[in-house]
Amino acid sequence: MSDALRIISPGPCTTVQDLGRFHAMHLGVPVSGVMDDYAATFANRLVGNDPGAAVLEMTLAGASFTALAACDIAITGAAMGPRLNGRPVEQWVSLPLAPGDVVEMGGAENGCRAYLAIGGGFDVAPLLGSRSTYLGGKCGGFQGRMLAAGDVLRRLEAPLLPRPKRLPWYPIYPETIVVEAIPGPHHPYFGAALEGFFSTVFTVSAQCNRMGIRLDGGKVQRDPGAPESILSEPVVPGNVQIPAGGQPIILLKEQTVGGYTAIATVISSDLWRLGQAKPGDRLRFSRVDVDSGQRLLRQWVEFLATPLPC
Amino acid sequence: MATEFIASGERCLLAVYGRGIDEQVNERVHRMAALLRRHGNPAIEAVVGSYCTLAVHYNPLRSGFAEVAALLTDLEKELVTTTAAPARTVDIPVCYGGAFGPDLDFVASHCRMSEEQVIACHSKPAYRIYTIGFAPGFCYLGGLDEGLHTPRLESPRQKVAAGSVGIAGNQTGVYPLDSPGGWRLIGRTPLRLFAPERQQPLLYEAGDLIRFRPISESEYLTLAEEERR
């Protein structure tokens, strides 16, 4: 509805995202959406938004921008040392800006992705039910692309509701990440390797983006006679595919079908941990069953809605 | 074979209806997808069909894995008691050869045909859309004539224009968006296959048949002009 921010420098990969596009997968359009729903949800809550409002996702380094109107923002996720008019400010708090204020952010000192929410939410046209950017399809979000210097972002008008001023806690992102994963859907092809897979400490490689994370440090062998590839079938974020070379790839937000077998699937309540994984981090999978995964999801949904003092 | 139900994480169930590239299995997958969408169960969030597998995304806060599997088993009975509607055939106009199909001559000489024979052979069958994926609106089609099988380019092109029709090995298909690609290009359609702002973003759905209709360059230009409006 009104101009809110002008980007001075965007950082290496800054996009507009919401919680994702769930109803177009059958058209070949992947979910997209924030890589870390924990940080994005609380960023929105700190400015009084619905958790589904569009935010900025900034990868490895943050953006610098000028406020064009009085607004509330919140920066969460990876620690990127934000400064307001040259003075350091906290993350995970609600931050009022006046027109002309300049916010600058640096590289990620802990974690990988930071989120910026603005009161009302960023105003981009919804596409197939979501404001998320789908980089591979060059559509959705802000002109289907990463932000660039000079871009002006608009925000939606929203009533001023009571909102928490700060989060009473915030996460520290460890360099050894443990995620819970359910065997399958193709674990019978990896009968001999399954146990080893769950005890291997992998390394996040440099090939790591919104499509997926390739892991180094431990090849996963399929059983003799098991196929290297299969007819393309639907995939979900969290599927751990084992391509021909045996180096696992965790699929994330920008793929709808795949032709490799998946040994395990990271549960959705742990996907945010992968959103904060950066090249060089260690990563291990811990085995859970479907029932436990669903119990953890229930707890996760409750956690994201934790009542906060206003 | 009996339907197999497999978990792909804690909120997606894969129902496997058979093996391989099989028209009947694929028909079952897409009929089940349609039945599920029509059923409108509030626990079901999205349904995606592929060659032999149906992915059912569900909300575990509403239904467990076993309940979703039971719902599918129940609905499957309807497949037997109702007959399938005949598959819809979608007509895709294609201008073959020239600047739109720079590899038509290569395909013709590789297949020991004239260019006209390649066009006639390629535009004859109704190709089944087994699944859509890889890119928005990209169809995995079955039924390319064996006489037209041609290997991919040795090194892919940096940019293939949206609408380009190509052959790669035993597959044929259309690029819905500008993208890099290694398929042998034999023609181009003026239609915008993926238009997310349209009421129907795609002109077809999985389970439909596609037939390529040869058109002249002037028809191409007329249709392309209409698409822009």
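Author: Helices (H or I, at least four residues) and strands (E, at least two) are DSSP runs, numbered from the N terminus. This is a predicted model, in which local features need pLDDT of at least 70, side-chain atom pairs count only at pLDDT 80 or more, and totals for chains, interfaces and linings use all residues. Residues are numbered from 1 along each chain as its sequence is written, while chains are lettered from A and ligands numbered from 1 in the order in which they are written.

Reader: How many helices and strands does that give in chain A?

Author: By that rule, chain A has four helices and 19 strands.

Reader: What makes chain A as compact as a globular protein of that length?

Author: The radius of gyration is taken over C-alpha atoms, and the globule rule is 2.2 Å times the number of residues to the power 0.38. For 310 residues the rule gives 19 Å; chain A has 20 Å, close to that, so it is as compact as a globular protein of that length.

Reader: What share of chain A counts as buried?

Author: A residue is buried if 20 or more other C-beta atoms, placed from the backbone, lie within 10 Å of its own. Of the 310 residues of chain A, 54% count as buried.

Reader: How many residues of each chain are in the contact between chain A and chain B?

Author: Two residues are in contact if their C-beta atoms, placed from the backbone, lie within 7 Å. Chain A gives 32 residues and chain B gives 37 residues. On the side of chain A that touches chain B, α4(A) has the largest share, six residues.

Methods: Buried ≥ 20, exposed ≤ 12 C-beta atoms within 10 Å, placed from the backbone.
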